[in-house]
Protein chains: 2
Amino acid sequence: MAYYIGVDVGGTNIACGIVDDEMKIIARSKVKTNPRGRDGDPPDYAEILDEIKHAVRLVCDEAEIDPSAAHSIGIGCPGTCGNGVVEYANNLKFKNSPLMADMESEFKIPVYLENDANAAAFGEFVAGAAKGSRNAIVITLGTGVGAGIIIDGKIYRGSNCAAGELGHMVIVMDGLPCTCGGHGCFEAYCSANGLIHMTTQASELNPESIMTKMIREDGKVSARTAYKALKQGDPVGKAVTDQYVKYLACGIANAINIFQPDILCIGGGVCNEGDTLLLPLKAAVAERIYTKNSAKNTDIVICNLGNDAGIIGASMLFKS
Amino acid sequence: MAYYIGVDVGGTNIACGIVDDEMKIIARSKVKTNPRGRDGDPPDYAEILDEIKHAVRLVCDEAEIDPSAAHSIGIGCPGTCGNGVVEYANNLKFKNSPLMADMESEFKIPVYLENDANAAAFGEFVAGAAKGSRNAIVITLGTGVGAGIIIDGKIYRGSNCAAGELGHMVIVMDGLPCTCGGHGCFEAYCSANGLIHMTTQASELNPESIMTKMIREDGKVSARTAYKALKQGDPVGKAVTDQYVKYLACGIANAINIFQPDILCIGGGVCNEGDTLLLPLKAAVAERIYTKNSAKNTDIVICNLGNDAGIIGASMLFKS
């Protein structure tokens, strides 16, 4: 039995796991990315490197193996990761940080480094919803819209390891402002924040709706609010979710028209709505794709590894 | 010296060439796709197949070689081409037409079949503006917007050989109607027809402009009209070309954010404007890409093989 160590570096936590040959996580550890918890002062590379090392040692202790007995360590990290270096990661203050070399000199086994969205997509590809496909796209509808592209079984990185920014594909030129500084990006409409924005707007226009009452009771708007209102028969909730699905279908149809993958997987919190989201989405995408009449079209499914995709995908990066 | 036969099947003509090891076309032939010229009744597969065979024999006569002495025949054909079969080509009445097998049984040498936009992109990749790159995108701004994607030196076809429809990527949700039946596609704005539409609209709103006078004199609007007006100092011509470049930059920045290729080549009639088009386009794309601050960004250049890209790319399909 071989052991593969996977590390998922996030803005809040560093999650680590030991994965076996059957792609199961057999031990886990979790540490804070910023253990000192200093507000407004993100930790520097040296501090995070120490925490990553600490997480790896913890998980090996948990599994009662020596790190040197593992096959390799794979790390999924925010930002542009190429040639073992984190070129740039905005929320982590990394700049040309040699994470692969530093981890290899510590643990003396091969270390692989990849962008976190790509690593999670690779997890769904090797062990999750996209297993068995050859070309796959994984889109995560979270705070932002992340994406990973698998072509011919490998992560597609482009020429500067920054490819796959489907979230910053413009679907409404001159549309809503996006966190990237642009306007009209897929992310501006289809992230959880995009859905919250649509919900807030509709609530303001419909102060007597069930949805607005719900917001008053909850004291906040979340990405679940419109779906909760929909389930209570609120036409305003339905209008918001219809609008959300329309934008989502637009971006997903673009991805299909460009890539024609075997499978396109969507993940992230919004996907907890299951078929309530998926069925209208599939119908709307089918209307929009250029290959409507083709014998073979892309399957659209919901990711099934949840947060484990990041750890499993990272652990298998040696194959990527 | 080896000889490679390339065939570019178009709606009007079938252009054929013999290409040498230096990627030069050493002999050419051209026949009508529909020699009987029946209006409103497109020729069927058997008729076009005969014309393709005829074009190959003509070019071999011209070069004084026997077809069986050639290395291979490559064919670029409109429509979805997979496994040697034209699955579907709207304007040619093809449906699951076994073009590869029929040509191989005629000429007894290997035959390769590919979508025409992909073949032309491959031509630019092997011998034109994208030569020496690894990942390249070629976008043709013609009657429509065609595209070919080269990943790791190979044509990217997706899982159903229909990938690469960048022209039908929506950039303005619910925008202008497109020939595909959708709305807001890149093609609806950035094809020659898109530019003609913008020019016509601006002319109607500005009946006293230099551009409108030019249209009255020419008796028609073309994709060159706005650029001609721009060169005469017409602010209306400038506004139209600025608007066109804005949409074009939006679609091209999307392609770069998704693929991060080494190079992105644009071709087609509009590109005859040269730097008048290219320089403002590059500036506008630079503003829009997600990797503004990256050390390495995609080069944007104009294709340099013109119509020969189709023949040269087809002739080299055995490498694709």
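Two strands pair if DSSP finds at least two bridges between them. Keep that rule at hand for the exercises below. The model is predicted.

**Exercise 1. A hairpin in chain A**

Find how strands β2 and β3 of chain A are joined, and name the bridge partner of A:Gly17 in β3(A).

Step 1. Locate the strands. β2 of chain A covers residues 13-19, and β3 of chain A covers residues 25-32.

Step 2. Count the bridges. There are 7 between these two strands, and the strands run antiparallel.

Step 3. Apply the rule. Pairing needs at least two bridges, and β2(A) and β3(A) have 7.

Step 4. Pick out the partner. A:Gly17 is bridged to A:Arg28 in β3(A).

Step 5. Look at the connection. The hairpin has 5 residues between its strands. One of the hairpin's residues, A:Met23, takes a positive phi near 65 degrees.

**Exercise 2. Two hairpins in chain B**

Work out how β5, β6 and β7 of chain B are linked.

Step 1. Start with β5 (residues 80-82) and β6 (residues 85-89) of chain B. They run antiparallel and are joined by 3 bridges. In one bridge, B:Thr80 has B:Tyr88 of β6(B) as its partner.

Step 2. Check the turn. The hairpin of β5(B) and β6(B) has 2 residues between the strands. B:Asn83 sits in the turn with a positive phi of about 55 degrees.

Step 3. Move on to β7 (residues 94-97) of chain B. Here too the strands run antiparallel, with 3 bridges joining β6(B) to β7(B). B:Val86 has B:Ser97 in β7(B) as its bridge partner.

Step 4. Check this hairpin as well. There are 4 residues between β6(B) and β7(B), and B:Lys93 takes a positive phi near 55 degrees.

**Exercise 3. An open sheet**

Give the strand order of the 5-stranded open sheet in chain A, and say which strands stand at the edges.

Step 1. Read the order: β11-β10-β9-β12-β13 in chain A, with mixed pairing.

Step 2. Find the edges. β11 (154-155) and β13 (299-302) of chain A each have a single partner strand, so one side of each is left without a neighbour in the sheet.

Step 3. Take a parallel pair. β12 (residues 263-267) of chain A and β13(A) pair in the parallel sense over 4 bridges. A:Ile263 has A:Asp299 in β13(A) as its bridge partner.

Step 4. Turn to chain B for an antiparallel pair. An open sheet of 5 strands in chain B has the order β11-β10-β9-β12-β13. Strand β10 (residues 145-151) of chain B pairs with β11(B) in the antiparallel sense over 2 bridges. B:Ile150 has B:Ile155 as its partner in β11(B).

**Exercise 4. A salt bridge within chain A**

Which parts of chain A does the pair of A:Glu273 and A:Lys231 tie together?

Step 1. Establish the contact. The two side chains meet in a salt bridge, 2.8 Å from N to O. The cut-off is 4 Å.

Step 2. Place the residues. A:Glu273 lies in the loop between β12 and α9 (275-288) of chain A, and A:Lys231 lies in helix α7 (residues 225-231) of chain A, so the pair ties together parts that are 42 residues apart in sequence.

Step 3. Set the pair in context. Over all chains, the structure holds 20 salt bridges.

**Exercise 5. Where the chains meet**

Describe how chain A and chain B are related, and what makes up the contact between them.

Step 1. Superpose the chains. A turn of 180 degrees, with a shift of 0.0 Å along the axis, lays chain A on chain B with an RMSD of 0.0 Å. The two copies are thus related as by a two-fold rotation axis. The same surface serves both: 100% of the contact residues of chain A recur in chain B.

Step 2. Size the interface. 40 residues of chain A are in contact with 40 residues of chain B. The chains bury about 3400 Å² between them, 55% of it on carbon and sulfur atoms. A:Ser159, A:Met173 and A:Ile258 supply 21% of the area that chain A buries against chain B, more than any other three residues.

Step 3. List the polar links. There are 2 salt bridges between chain A and chain B. In one of them, B:Asp174 joins A:Lys246, with the closest N and O atoms 2.6 Å apart. The interface also has 26 residue pairs in polar contact.

Step 4. Name the main contributor. α8(A) gives the most to the side of chain A that touches chain B, with 7 residues.

Step 5. Sort by class. That side of chain A has 19 nonpolar, 12 polar and 9 charged residues.

Definitions and conventions
Residues are numbered from 1 along each chain as its sequence is written. Chains are lettered from A and ligands numbered from 1 in the order in which they are written. This is a predicted model: local features need pLDDT of at least 70, side-chain atom pairs count only at pLDDT 80 or more; totals for chains, interfaces and linings use all residues. Side-chain values use heavy atoms; hydrogens and water are left out. Copies are superposed by least squares on the C-alpha atoms of residues with pLDDT of at least 70 in both. Contact means heavy atoms within 4.5 Å. Buried area is the accessible area (1.4 Å probe) that two parts lose on being put together, summed over both. A polar contact is a pair of N or O atoms within 3.5 Å; within protein, one must be able to donate a hydrogen and the other to accept it, and residues adjacent in sequence count only if both atoms are side-chain atoms. Ala, Val, Leu, Ile, Met, Phe, Trp, Tyr, Cys and Pro count as nonpolar, Asp, Glu, Lys and Arg as charged, and the others, Gly among them, as polar.
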